[in-house]
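Colleague: Got a minute to go through this model with me? I'd like to talk about bridges, cysteines and the chain contacts.

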Amino acid sequence: MLKRLTALLLGVLIVPALAAAATPKPVPVDEALKPYAGKIVYVDFWASWCTPCAESFPWLNTLQTKFGPKLVVVGVNVDESDTASARFLKHHPAGFDVIRDAQGKIAEHYNIPGMPTSLILDEQGRVLHVHSGFLPERINEYEAAIRAALNHQGDSK
Amino acid sequence: MKRSSVLILAPLLGLGLCALSGCSSMGAKPWQRAALSRPDMQVDADAVQAGLDDHIYFSKEASSGGRGFGGGGCGCN
């Protein structure tokens, strides 16, 4: 009786471990932002249900022309629903690349404090600046942070 | 204790201890708040319902007012 229980217990413990080993690993988060290595990256986490995101898109669309080729703007969409994401983009077109992150893996990797959150990454992908929320009154602050990041470019660290 | 008892009880105890941490990671992360942002998920989604709830609450408290809502207005009992 006890031997059977022990065997059952061992089975209960071993099977999930085997399943975890057999599951294909998700693509590492770094892969998602790899195409942008070597540039200063402005990563904006947005979602269709986030109202400040709608307000921030017109400004985000101006960043590429304003700051030139050394900066690349990337939007990470944490919507779980593709339809919601597409509907938002129809009303608020994005002039920048959008990465879908329906599982929230990239958001979790950077442990974003709120929605929306913007990160500025350096050429090696290290985080230079984080800010949460979007207020039109604070656009100057956001642009100053971008300028500071662009000026750090070339600093040997 | 018999060795065979320990062999079966120790893992069971271990599993039991693990189950104690069941609710340790509660709450939605900031990027998971899609459902929470729906209008029908707000606390005061229905003004009439909110007003009725407040009327009942203040009646039970035998006091009135102190809370703003889209229903009867502050101070109504």
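Modeller: Sure, let's start with Asp122(A), which is buried at a relative accessible area of 5%. Buried here means under 20% relative accessible area, exposed means over 50%, and partly exposed is in between (1.4 Å probe, protein chains only).

Colleague: Which residue does Asp122(A) form a salt bridge with?

Modeller: Arg126(A), with the closest N and O atoms 3.1 Å apart. A salt bridge is a side-chain nitrogen of Lys or Arg within 4 Å of a carboxyl oxygen of Asp or Glu. Arg126(A) is partly exposed, at 39% relative accessible area.

Colleague: Before we go on, what should I know about the model and the numbering?

Modeller: It's a predicted model, where local features need pLDDT of at least 70 and side-chain atom pairs count only at pLDDT 80 or more, while totals for chains, interfaces and linings use all residues. Residues are numbered from 1 along each chain as its sequence is written, chains are lettered from A and ligands numbered from 1 in the order in which they are written, and side-chain values use heavy atoms, with hydrogens and water left out.

Colleague: How many salt bridges are there over all chains?

Modeller: There are 6 over all chains. One of them joins Lys66(A) to Glu143(A), with 2.6 Å between the closest N and O atoms. That pair ties together distant parts of the chain, 77 residues apart: Lys66(A) sits in helix H3 (residues 51–67) of chain A and Glu143(A) in helix H6 (residues 139–152) of chain A. Helices (H or I, at least four residues) and strands (E, at least two) are DSSP runs, numbered from the N terminus.

Colleague: And Glu143(A), buried or exposed?

Modeller: Glu143(A) is buried, with a relative accessible area of 7%, whereas Lys66(A) is partly exposed at 46%. Those two also belong to a network of salt bridges with Arg147(A).

Colleague: What about Arg100(A), which side chain does it meet in a salt bridge?

Modeller: Asp82(A), at 2.5 Å from N to O. Arg100(A) is in strand S3 (residues 97–100) of chain A and Asp82(A) in helix H4 (residues 82–91) of chain A, 18 residues apart. Asp82(A) is exposed at 56% relative accessible area, and Arg100(A) is partly exposed at 32%.

Colleague: Switching to cysteines, how many disulfides are there over all chains?

Modeller: The count is 1. Cys50(A) and Cys53(A) form a disulfide with their sulfur atoms 2.3 Å apart, the rule being a pair of cysteine sulfur atoms within 2.5 Å. The torsion about the S-S bond is about 85 degrees, so the disulfide is right-handed. Both Cys50(A) and Cys53(A) are buried, while Cys18(B) is exposed at 53% relative accessibility.

Colleague: Now the two chains. How many residues are in contact?

Modeller: 14 residues of chain A contact 13 of chain B, with contact meaning heavy atoms within 4.5 Å. The area buried between them is about 1200 Å², and carbon and sulfur atoms give 76% of that. Buried area is the accessible area (1.4 Å probe) that two parts lose on being put together, summed over both.

Colleague: Which three residues of chain A supply more of its buried area than any other three?

Modeller: Leu2(A), Leu9(A) and Trp49(A), which supply 46% of the area that chain A buries against chain B.

Colleague: How many salt bridges between chain A and chain B?

Modeller: The count is 0.
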